[in-house]
Amino acid sequence: MINNLIIGITTVAFSKNELLVNKVRNLGFKKVYTNEELKRFTKDELIKFLSKCDVAIVGLDKIDEEILSHTPKLKAISKYGVGLDNIDFNACKKYNIKVLHTQGVNKRSVSELTLGCILSLLRNIYISSNLLKSNIWEKNGGLQLSNKTIGIIGVGNIGKDLIELLKPFNCKVLVNDIINQDKYYKDNNLIKSSKEEIFRNADIITIHTPLNDSTKYMIDKKSLSIMKSNAIVINTARGGIINQEDLKWALKNNIIAGAAIDAYEIEPPEDLEFLSLPNLINTPHIGGNAIEAVNAMGESAIENILSWIKNGNNR
């Protein structure tokens, strides 16, 4: 029964959304804990918080064996958001923790931010705006997105949604994914390509993969060196897919024209020199945080818990 369960909400975005928090409070849980300080928990803080809970709504918190070994009450984790690389599924299985999640909930939020970054960099909106704020009137309208070659690495929910948004621009779209999707590629006039072909030929390269051993530092000095000098790189996926030091080198030395980064290995990022580069758009991991997406992800996290309870899985 729900009135026997204690629920904890670790994620900041959910915890500061009164509509979502009130919905959880009104469901009849024995107790509801939220992230009252609206901060990213340290490991010790996360253990202390989750050790009180039977079920939890988590965001980007790293859920590993050390955490779970200290949280014996925990029965289920409901993911707020779609990325699952922060959750150790083997450890969850070992400790009989059910992971509840729904894919694709925030895809439009992420794909719109990606498109916005592409347009801002290509049309020189970001750079010229900052120059004008410094009283420098420099008229450089950049390049149109229409008819450019765009490389999309990772053709899942977000990659597919971005492809839909790009259709009016008549781009040549190169795609790469570990899953065979030849029919989808043919139906949407996409060109199946290797990563190297994308690096060499695309005007815009955007990443929409999870972070794992095969994607760690996918973009590094070697791959950056073979890109076009006018290329731009977008990462609205996960920090660690791009080697930040190598990207800084490429941007400082005009190896590529620009980049937009929404996710970092360390959050908040600490390299102020990197953040201050004029040809880098850097946003604080807001890809999936449009208001509509926040509400949709929150509703999904709640509904997954209610379904889990309804199905009698709360041992």
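Is the crossing of helix 6 and helix 8 left-handed or right-handed? I looked it up in this predicted model, where local features need pLDDT of at least 70, side-chain atom pairs count only at pLDDT 80 or more, and totals for chains, interfaces and linings use all residues. Residues are numbered from 1 along each chain as its sequence is written, and side-chain values use heavy atoms, without hydrogens or water.

**Helix pair**

The crossing is right-handed (the near helix is turned clockwise from the far one by less than a right angle). Helices here are DSSP runs (H or I, at least four residues), as are strands (E, at least two), numbered from the N terminus. I then checked the axes, which are lines fitted to C-alpha atoms over the stretch in contact, with angles from 0 to 180 degrees between N-to-C directions. Helix 6 (residues 107–122) and helix 8 (residues 157–166) have axes that come within 9 Å and cross at roughly 55°. That makes helix 6 oblique to helix 8 (not under 35 degrees, over 145, or 65 to 115).

I listed contacts (heavy atoms within 4.5 Å). Val110 and Leu115 are among the helix 6 residues that meet helix 8, where Ile158 and Leu162 are among the partners.

**Cores**

Next came the largest nonpolar core (buried Ala, Val, Leu, Ile, Met, Phe, Trp, Tyr and Cys joined through side-chain atoms within 4.5 Å; buried is under 20% relative accessible area, 1.4 Å probe, protein chains only). Of its 26 residues, Ile205, Met227, Leu247 and Ile256 touch the most other members. Helix 12 gives the most to this core, three residues.

Definitions and conventions:
Buried < 20%, exposed > 50% of the residue type's maximum accessible area, 1.4 Å probe, protein only.
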